[in-house]
Amino acid sequence: MTNLCRRGILILAAVAAISLSGCASMRGFGPDKAVYHINDSANAAAVMRNVGNHLSVDPTARIVIVSHARGVDFLMENAKDKNGNPYNIKVEELAAKGVTFDVCEITLSSRKLNKNQFIPEAKFVPSGVGELAKLQSREGYVYIKP
């Protein structure tokens, strides 16, 4: 075997090793990262149930719930589901487990809402859709829309 041939095999082996190590670092060696999308508060109870289930099997998961449009309503003070149950109790439970609740500031502006109308767990981001894209493309979060 010539030196050129050996060098080629070594380069291919190195490339394969680097590729495999990259895959390993992306899978199974860190917490799951998921972004749940709510654009209608009618789905908020189901989404929070899904998030609770997710955390029950993987308590280390990093979860962000991004809301915009009518999806921000469940994070407003005194918001209740269709059965009259306050949303803030479940939000507080999930926030205590590390879940972040992002609210779109464009929605606030277009709907003429104020930040002081929201529960303390609500965090504000410039754009809900922009935050979804950033979390997926730059931070490696998987997108979930129940």
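How many of the residues of β3 are buried? Keep that in mind as you go round; the answer comes at the third stop. One thing to know before you click anything: this is a predicted model.

**Stop 1: the whole protein**

Show everything as a cartoon and colour by secondary structure. You're looking at 5 helices and 5 strands. Follow the protein from the N terminus and the elements go α-β-α-β-α-β-α-β-α-β. Now switch on the surface for a moment: the accessible area is about 8900 Å², and carbon and sulfur atoms hold 57% of it. Of the 146 residues, 33% count as buried. Contacts reach along the chain, too: taking those between residues at least 6 apart in sequence, 67% link residues at least 24 apart.

**Stop 2: the sheet**

Hide the helices and look at the strands. They form an open sheet of 5 strands, paired in parallel, in the order β4-β3-β2-β1-β5. Select 122-125 and 142-144 to pick out the edge strands, β4 and β5, each of which pairs on one side only. Turn the sheet to look along it and you can follow the twist, which averages 30° from one strand to the next.

**Stop 3: strand β3**

Select residues 100-104, which make up β3. Here's the answer to the opening question: 4 of the 5 residues in β3 are buried, leaving the strand mostly covered.

Check the neighbours of β3 now. With β2, it pairs in the parallel sense over 4 bridges; show V64 and you'll find T100 of β3 opposite. To see how the chain gets from β2 to β3, bring back helix α3 (residues 87-96): the path runs through that helix, and this β-α-β crossover is right-handed.

On to β4, which runs parallel to β3 and is joined to it by 4 bridges. Two spots to click: V103 stands opposite F124 in β4, and C104 has V125 as its bridge partner there. Add helix α4 (residues 105-111) and you have another right-handed β-α-β unit, made of β3, α4 and β4.

**Stop 4: two helices on the sheet**

Where does helix α2 lie? Select residues 44-57 and see: α2 lies across β1 (33-40), β2 (62-70) and β3, at about 170° to β1. Next, select residues 128-137 for helix α5, which packs on the sheet and touches β1, β2, β3, β4 and β5. The direction of α5 makes about 155° with that of β2.

Definitions and conventions
Residues are numbered from 1 along each chain as its sequence is written. This is a predicted model: local features need pLDDT of at least 70, side-chain atom pairs count only at pLDDT 80 or more; totals for chains, interfaces and linings use all residues. Side-chain values use heavy atoms; hydrogens and water are left out. Buried means under 20% relative accessible area, exposed over 50%, partly exposed in between (1.4 Å probe, protein chains only). Contact means heavy atoms within 4.5 Å. Accessible areas come from the Shrake-Rupley method with a 1.4 Å probe; for residues, only the protein chains shown count as cover. Two strands pair if DSSP finds at least two bridges between them. Axes are lines fitted to C-alpha atoms, for helices over the stretch in contact, and angles run from 0 to 180 degrees between N-to-C directions. A crossover is right-handed if, with the strands pointing away from the viewer, the path from the first strand over the helix to the second runs clockwise.
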